[in-house]
Amino acid sequence: MLSICWSPKGGTGVTITAAALARHRAPRGDTILVDLAGDLAAALGSATDTPGVSDWLAHPDAPPDALRALELEVVAGLRLLPAGAAPGVAFDPERSAMLLDLCDRSADHVVVDAGRLAVESEWWPASAESVVVVRNCYLALRRLSALPERRRTVVLIEEAGRALSRRDVAGVAPGPVVAVPWDPGVARAVDAGLLASRLPRSLRNLERV
């Protein structure tokens, strides 16, 4: 199963969502977490100066099996394919599609942190689950409502005190909406390097994605 996490607006929590989603899936089968945005290794307390996916994508002659040598073990059943030394490299669509296909064929679950995007990329496999992460703010929902119609799973990072509700999000998104409460404990877990080993209780709703 291939799930691609992204957002039309920066700062919504895509990296934490992808990490938590992969962490939940690891006990159910071999899982790879792919970092296309650049922050997962730091968020998980892993090495941040290792080569990774951007290096593989930047070298057209790099063989497919070289990807496996780039993976880092996070916990039992969960491997991280880090962003590498050149995150943000201009991806070749054909090689990027090959990357996702290779990962999908080598694990039971693949979760991708695609970061901030205007819309789903054309090189994503048609079978991929699109997981869009938003907050219940007007600017995020405005961008979400402007996207071409497509079934998506929406992860709503629900902030208290906002005028817009889960119902407002469901009104602009045709797919299921999974609400996750905003929790300062998540930032503390990242600061302490405990996100991978001790997932905050507030992220449990992501088991439903």
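Colleague: In which sense do strand S1 and strand S6 pair, parallel or antiparallel?
Modeller: Bear in mind that this is a predicted model. Strand S1 covers residues 2-7 and strand S6 covers residues 129-135, with four bridges between them. In one of these contacts, serine 3 has glutamate 129 of S6 as its bridge partner. The sense in which S1 and S6 pair is parallel.

Colleague: Thanks! Glutamate 129 also takes part in a salt bridge, so which parts of the chain does that pair tie together?
Modeller: In general, side chains of opposite charge can pair when their charged atoms come close. Here the side chain of glutamate 129 meets that of arginine 25, at 3.4 Å from N to O. Because the two residues are 104 apart in sequence, the pair links distant stretches of numbering: strand S6 and helix H1.

Colleague: How many salt bridges does the structure hold?
Modeller: The pair of glutamate 129 and arginine 25 is a salt bridge. The count for the structure is 10.

Colleague: Now the sheet: which strands stand at its edges?
Modeller: The sheet is open, has eight strands with mixed pairing, and follows the order S3-S4-S2-S5-S1-S6-S7-S8. From one strand to the next, the twist averages 25°. A strand with a single partner has one side left without a neighbour in the sheet, so the edge strands are S3 and S8.

Colleague: Which residue in the turn between S3 and S4 has a positive phi?
Modeller: S3 and strand S4 (residues 78-81) run antiparallel and are joined by three bridges. Valine 75 stands opposite leucine 78 in S4. The two strands form a hairpin with two residues between them, and the residue with a positive phi, about 90°, is glycine 77.

Colleague: Which helix lies across S5 and S6?
Modeller: This helix spans residues 138-145 and runs at about 150° to S6. Its name is H6.

Colleague: Last one: which residues lie nearest the centre of the largest pocket?
Modeller: The space in this pocket is about 490 Å³. Its lining divides into 14 nonpolar, nine polar and seven charged residues, and the elements giving two or more residues to it include helix H1 and strand S5. Of the 30 lining residues, those nearest the centre are Thr12, Gly13, Val14, Ile16 and Arg135.

Notes. Residues numbered from 1 in each chain as written. Predicted model: local features only at pLDDT ≥ 70, side-chain atom pairs only at ≥ 80, totals over all residues. Heavy atoms only, no water. 1 Å grid on protein atoms, 1.4 Å probe; cavity = no way out; pocket = protein on both sides within 12 Å on 5 of 7 lines; lining within 4 Å. Points joined across faces, edges and corners; volume = space filled by probe spheres on them. Nonpolar A, V, L, I, M, F, W, Y, C, P; charged D, E, K, R; others polar. Pairing = 2+ DSSP bridges. Axes fitted to C-alpha atoms, helices over the stretch in contact; angles between N-to-C directions. Contact = heavy atoms within 4.5 Å. Salt bridge = Lys/Arg side-chain N within 4 Å of Asp/Glu carboxyl O.
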